[in-house]
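What follows walks through one protein model, from a single definition to the overall fold and then to selected details. Please keep the sequence and the coordinates at hand.

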Amino acid sequence: MRILMFGRGVIATQYGWALEQAGHDVDFYVRPGRTATYGPFVDLDILDGRARGRKRRISHRWPLTMREDLDSNHDYELIILSVNHDQLPTAVEFLSSRLGDAALLIFNNIWDDPSDSAAPLPAGQVVWGFPGGGGGFAGSTLRGGMLRSLTLGLLDGGPPTAAHTRVHELLTGAGFSVTTVEDFRSWLWFHFILDAGLMVGIRQAGGVEAFVRSPASAKLTLRLIREMLPVLEAKGGVPTRGAKAIRLLPTGPVAFGLRKLLGGGSIYGAVTRDAQVGAQGSAEMMNIYPRDVLAEARRLQVPIPQLAALAPVFR
């Protein structure tokens with residue numbers, strides 16, 4: 001399949017590499033002038049969750065094919081879009097006149113309503129998904145990892161489209177384990193709240209390593225997530241199984257499990273730690289999540305006093 005990765009960020013680079021390894025033809029669209037800035041290759045230093053043992057560590061110089069132009073007459077069958085949620089409207093507007101006949105996998109966090117976010121695009125060509133990975137760049141080196149599992153989703157109770165089915169087959173064929181979520185709107189909003197709580201906890205602790213050593217910071221994260229759940233419901237979302245578990249399970253053991261998950265040599269820990277070296281883990285990128293949740297809570301008149309009191313941490 002001819003695939004275009006929109007941008008050359010952490011997610012686009014890792015999944016682009018995985019798809020090329022699976023035999024697909026992968027290019028990267030970058031803004032004019034960025035080809036020279038990026039250079040012709042990327043040094044991968046990542047953990048690949050599809051493999052086992054020593055084979056998980058990928059250390060490889062990968063030459064990339066980048067392009068700085070895109071019109072509607074292209075021959076790509078799939079475009080994969082993974083940007084920060086605040087950049088999504090601009091990216092969607094850009095692609096609305098350049099999508100052609102390609103399917104579009106929107107592969108990132110979303111806090112606005114997904115249908116509204118993709119309104120300029122043909123609904124039958126849009127596929128919703130969420131990656132299982134991350135990391136950060138240090139010069140030409142990408143450090144991070146990707147899990148074997150990832151998520152695709154459906155909106156409004158509709159059946160999978162032909163585009164959804166093609167993307168599902170593409171990803172499973174590349175060795176990923178794909179879960180399809182029927183109420184992806186609620187799933188995305190819950191995941192956004194999880195990230196917001198975790199980012200405040202990490203910022204308040206002074207970094208991932210300090211967070212892993214701090215039971216108080218992990219407990220704070222869980223209290224914040226619980227406090228933010230009514231915002232999800234006020235937006236029209238339905239609490240997921242994960243949301244219900246967060247509400248019911250005791251704070252101490254869950255906080256301990258969270259610290260264990262991010263510590264040690266797990267892919268989760270590597271992804272979170274390595275994100276700190278690049279834009280994905282910068283202070284601004286971490287701050288924007290809780291800021292957006294707090295702004296929405298105030299708009300909907302949902303009280304979240306603990307998060308409001310911590311606003312200086314993410315201002």
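A residue counts as buried when its relative accessible area is under 20%, as exposed when that area is over 50%, and as partly exposed in between. By this rule arginine 67, at 22% relative accessibility, is partly exposed. The model is a predicted one.

Begin with the whole chain. The protein contains 14 helices and twelve strands. Its C-alpha atoms occupy a box of roughly 50 × 40 × 35 Å along the principal axes. For 315 residues, a compact globule would have a radius of gyration near 20 Å, and the value of 19 Å found for this protein agrees with that. Of the 315 residues, 54% are buried. Among contacts with a separation of 6 or more, 70% are between residues 24 or more positions apart.

Next, look at one sheet. In general, strands of a sheet pair through backbone hydrogen bonds, in either parallel or antiparallel fashion. Here four strands form an open sheet in the order E4-E3-E10-E9, and the pairing is mixed. E4 and E9 are the edge strands, each pairing on one side only. Ignoring direction, neighbouring strands of this sheet are turned by 20° against each other on average.

Start at the E4 side of the sheet. E3 and E4 run antiparallel and are joined by seven bridges. Phenylalanine 41 has proline 63 in E4 as its bridge partner. Side chains also link these two strands: aspartate 43 and arginine 61 meet in a salt bridge, with an N to O distance of 2.8 Å. Because aspartate 43 belongs to strand E3 (residues 41–48) and arginine 61 to strand E4 (residues 57–63), the pair ties together parts that are 18 residues apart in sequence. Aspartate 43 is buried, at 16% relative accessibility, whereas arginine 61 is partly exposed at 48%.

At the E9 side, strand E9 (residues 133–138) and strand E10 (residues 141–146) run antiparallel, and six bridges join them. Glycine 136 is placed opposite arginine 143 in E10. The two strands E9 and E10 make a hairpin with two residues between them, and glycine 139 in the turn has a positive phi of about 65°.

What lies across E3, E9 and E10? Helix H11 (residues 267–275) does, running at about 35° to E9. Seven of the nine residues of H11 are buried, so the helix is largely enclosed by the rest of the structure. Those buried residues are Ile267, Gly269, Ala270, Val271, Thr272, Asp274 and Ala275. They pack against the strands E3, E9 and E10, and also against H6, helix H7 (208–212) and helix H10 (251–262).

Now return to the salt bridges. The structure holds 13 of them. One of these contacts joins the side chains of arginine 67 and aspartate 69, at 3.2 Å from N to O. Aspartate 69 is partly exposed, with a relative accessible area of 46%. Another joins arginine 185 and aspartate 156, at 3.1 Å from N to O. Arginine 185 lies in helix H6 (residues 184–205) and aspartate 156 in the loop between strand E11 (149–153) and helix H5 (162–173), so this pair ties together parts that are 29 residues apart in sequence. The two partners differ in accessibility: arginine 185 is buried, with a relative accessible area of 13%, while aspartate 156 is exposed at 60%. Elsewhere, Arg2, Asp25, Asp27 and Asp75 are joined into one network by salt bridges that share partners.

The loop between E11 and H5 also holds threonine 161. Threonine 161 is partly exposed, with a relative accessible area of 29%. A polar atom of the threonine 161 side chain lies 3.1 Å from the backbone nitrogen of histidine 164. As for its distance to a residue further along the chain, the C-alpha atoms of threonine 161 and proline 312 are separated by 44 Å, with their positions 151 residues apart in sequence.

Conventions. Residues numbered from 1 in each chain as written. Predicted model: local features only at pLDDT ≥ 70, side-chain atom pairs only at ≥ 80, totals over all residues. Heavy atoms only, no water. Pairing = 2+ DSSP bridges. Salt bridge = Lys/Arg side-chain N within 4 Å of Asp/Glu carboxyl O. Buried < 20%, exposed > 50% of the residue type's maximum accessible area, 1.4 Å probe, protein only. Polar contact = N/O pair within 3.5 Å; in protein donor to acceptor, adjacent residues only side chain to side chain. Axes fitted to C-alpha atoms, helices over the stretch in contact; angles between N-to-C directions. Contact = heavy atoms within 4.5 Å. Rg over C-alpha atoms; globule rule 2.2 N^0.38 Å.
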